[in-house]
Amino acid sequence: MSDPRLAKIRERLEAALAPQEIELDDESALHAGHAGAASGGGHYRLKIVSNKFEGVKLVMRHRLVYDSVHDMMHKEIHALAITALAPSEV
């Protein structure tokens, strides 16, 4: 992976959530001209499958994801669209 920001996000998610599957896409180019793009923060789309989401409500799944990248939010990450699934939901 050549993008250091994507690599950093992926590393954080893997360390915190030990995902079985992770798809992380940089959609920043789709948001060119948007105020968040001007600040330098990227727009990302994440699909993540983790045992840690089993029996956990959606809002808490998102919290677990955000907690793993909290220091990157609003600086390196402007927006993060999350699909968080338990293995039983795949």
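These legends describe close-up views of a predicted protein model.

**View 1. The whole chain holds three helices and three strands.** Helices and strands follow the order α-β-α-β-α-β from the N terminus. The protein has 90 residues, and 33% of them are buried. Its exposed surface comes to about 5200 Å², with 54% supplied by carbon and sulfur atoms. Many contacts span long stretches of sequence. Of the contacts between residues at least 6 apart in sequence, 66% join residues at least 24 apart.

**View 2. Helix α1 packs against helix α3.** Helix α1 covers residues 4-17, and helix α3 covers residues 58-68. Their axes lie 8 Å apart and form an angle of about 125°. That angle makes α1 oblique to α3, because it falls in neither the roughly perpendicular range of 65 to 115 degrees nor the roughly antiparallel range over 145. The crossing of the two helices is right-handed. From α1, the contact uses R12, L13, A16 and L17. From α3, it uses L64, V65 and S68. Of the residues in this contact, five are nonpolar, one is polar and one is charged.

**View 3. V65 is a buried residue of helix α3.** How much relative accessible area does V65 have? The value is 0%, so V65 counts as buried. Its contacts beyond four places in sequence are L13, L17, L46, I48, F53, L80 and I82. Two of these partners, L13 and L17, also belong to the α1 side of the helix contact. L46 and I48 sit within strand β2, residues 42-49. L13 lies 52 residues from V65 along the chain. Even so, the C-alpha atoms of V65 and L13 are separated by 6.9 Å.

**View 4. A18 has a positive phi in the loop between α1 and β1.** Strand β1 runs over 21-26, after this loop. The phi of A18 is near 40°, and A18 is not a glycine. Most residues other than glycine have a negative phi. Is A18 buried or exposed? Its relative accessibility is 51%, so A18 counts as exposed; the cut-off is over 50%. A18 is also one of the contacts of S50.

**View 5. S50 is buried in the loop between β2 and α3.** Its relative accessibility is 0%, so S50 counts as buried. Which residues does S50 touch beyond four places in sequence? They are L17, A18, P19, L85, A86 and P87. L17 belongs to helix α1. S50 and L17 are 33 residues apart in sequence. In space, their C-alpha atoms are 6.3 Å apart.

**View 6. V49 is a buried residue of strand β2.** Its relative accessibility is 2%, so V49 counts as buried. Beyond four places in sequence, V49 contacts P19, Q20, E21, L85, A86, P87 and V90. P19, L85, A86 and P87 are also among the contacts of S50. Q20 is 29 residues from V49 along the chain. The C-alpha atoms of V49 and Q20 are separated by 5.6 Å.

**View 7. E23 of strand β1 is partly exposed.** At what relative accessibility does E23 count as partly exposed? The value is 38%, so E23 falls between the buried limit of under 20% and the exposed limit of over 50%. Beyond four places in sequence, E23 touches R45, L46 and K47. L46 is also a contact of V65. E23 and R45 are 22 residues apart in sequence. Their C-alpha atoms are 7.9 Å apart in space.

How values were computed. Residues are numbered from 1 along each chain as its sequence is written. This is a predicted model: local features need pLDDT of at least 70, side-chain atom pairs count only at pLDDT 80 or more; totals for chains, interfaces and linings use all residues. Side-chain values use heavy atoms; hydrogens and water are left out. Helices (H or I, at least four residues) and strands (E, at least two) are DSSP runs, numbered from the N terminus. Buried means under 20% relative accessible area, exposed over 50%, partly exposed in between (1.4 Å probe, protein chains only). Contact means heavy atoms within 4.5 Å. Accessible areas come from the Shrake-Rupley method with a 1.4 Å probe; for residues, only the protein chains shown count as cover. Axes are lines fitted to C-alpha atoms, for helices over the stretch in contact, and angles run from 0 to 180 degrees between N-to-C directions. Angles under 35 degrees count as roughly parallel, over 145 as roughly antiparallel, 65 to 115 as roughly perpendicular and the rest as oblique. A crossing is left-handed if the near helix is turned anticlockwise from the far one by less than a right angle, and right-handed if clockwise. Ala, Val, Leu, Ile, Met, Phe, Trp, Tyr, Cys and Pro count as nonpolar, Asp, Glu, Lys and Arg as charged, and the others, Gly among them, as polar.
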